[in-house]
Amino acid sequence: QVQLVESGGGLVQAGGSLRLSCVASGSTSSFNVMGWYRQAPGKQRELVALMWILGSTNYDDSVKGRFTISRDNVKNTVYLQMNSLKPEDTAVYYCYAATSASYWGQGTQVTVSS
């Protein structure tokens with residue numbers, strides 16, 4: 001059974017940075033895609049960034065140029081480096097991974113104060 005465990009969330013001032021980590025219990029190299037979604041209060045869960053097995057990436061337009069996704073298959077970990085954070089980035093951030101099935105982490109809170 002695959003488990004995804006996120007860490008690195010917290011409270012930061014606008015303009016600051018955070019780095020989220022997600023450790024998978026299985027080998028990340030077996031996942032076709034890994035990435036991050038987020039859900040703000042009262043809103044639907046939305047895509048933040050994805051990284052495909054061959055290394056290509058997708059970012060939501062709102063985070064392009066500020067967030068960077070990366071993965072370390074040796075450490076079974078996917079990262080999200082978040083720079084120039086804005087109050088509108090406040091949300092619960094969820095790790096996502098997929099093979100033939102989809103998996104989600106429990107979420108980590110990111111709060112950006114103005």
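This is a guided tour of a predicted model, moving from its paired strands to its cores, its disulfide and a group of salt bridges.

Begin by selecting residues 33-39 and 46-52, which are strands S4 and S5; these run antiparallel and are joined by six bridges. Within this pair, Tyr-37 has Leu-47 of S5 as its bridge partner. The two strands form a hairpin with six residues between them, and in the turn you can pick out Gly-42, whose phi is positive at about 75 degrees.

Next, keep S5 in view and add residues 57-59, strand S6, which runs antiparallel to S5 and is joined to it by three bridges. Here Ala-49 stands opposite Tyr-59 of S6. This is again a hairpin, with four residues between S5 and S6, and Gly-55 in the turn has a positive phi of about 105 degrees.

Now show the side chains of Trp-36, Val-48, Phe-67, Leu-80, Met-82 and Tyr-93, the residues that touch the most other members of the largest nonpolar core, which has 26 residues. The elements that give two or more residues to this core include S4 and S5, already on display, together with strands S3 (18-24), S7 (67-72), S8 (77-82), S9 (91-98) and S11 (108-113). Apart from it lies another core, of five residues, among them Val-33, Tyr-37, Tyr-96 and Ala-98.

For the disulfide, select Cys-22 and Cys-95, whose sulfur atoms lie 2.1 Å from each other. The torsion about the S-S bond is -85 degrees, and the link is left-handed. The pair connects distant parts of the chain, with Cys-22 in strand S3 and Cys-95 in strand S9, 73 residues apart. Both ends are buried, since the relative accessible area is 0% for Cys-22 and the relative accessibility is likewise 0% for Cys-95.

Finally, select Arg-38, Glu-46, Arg-66 and Asp-89, which are linked in a network of salt bridges. Start from Arg-38, which is buried at 5% relative accessibility, and follow its side chain to Glu-46, where the N to O distance is 2.7 Å; Glu-46 itself is partly exposed, at 35%. The side chain of Arg-38 also meets that of Asp-89 in a salt bridge of 3.0 Å, N to O, and this contact links strand S4 with the loop between S8 and S9, 51 residues apart. From Asp-89, buried at 1% relative accessibility, continue to Arg-66, with the closest N and O atoms 2.8 Å apart. Because Arg-66 lies in the loop between S6 and S7, this pair ties together parts that are 23 residues apart in sequence.

Definitions and conventions:
Residues numbered from 1 in each chain as written. Predicted model: local features only at pLDDT ≥ 70, side-chain atom pairs only at ≥ 80, totals over all residues. Heavy atoms only, no water. Pairing = 2+ DSSP bridges. Core = buried A, V, L, I, M, F, W, Y, C linked by side-chain atoms within 4.5 Å. Buried < 20%, exposed > 50% of the residue type's maximum accessible area, 1.4 Å probe, protein only. Disulfide = S-S within 2.5 Å. Salt bridge = Lys/Arg side-chain N within 4 Å of Asp/Glu carboxyl O.
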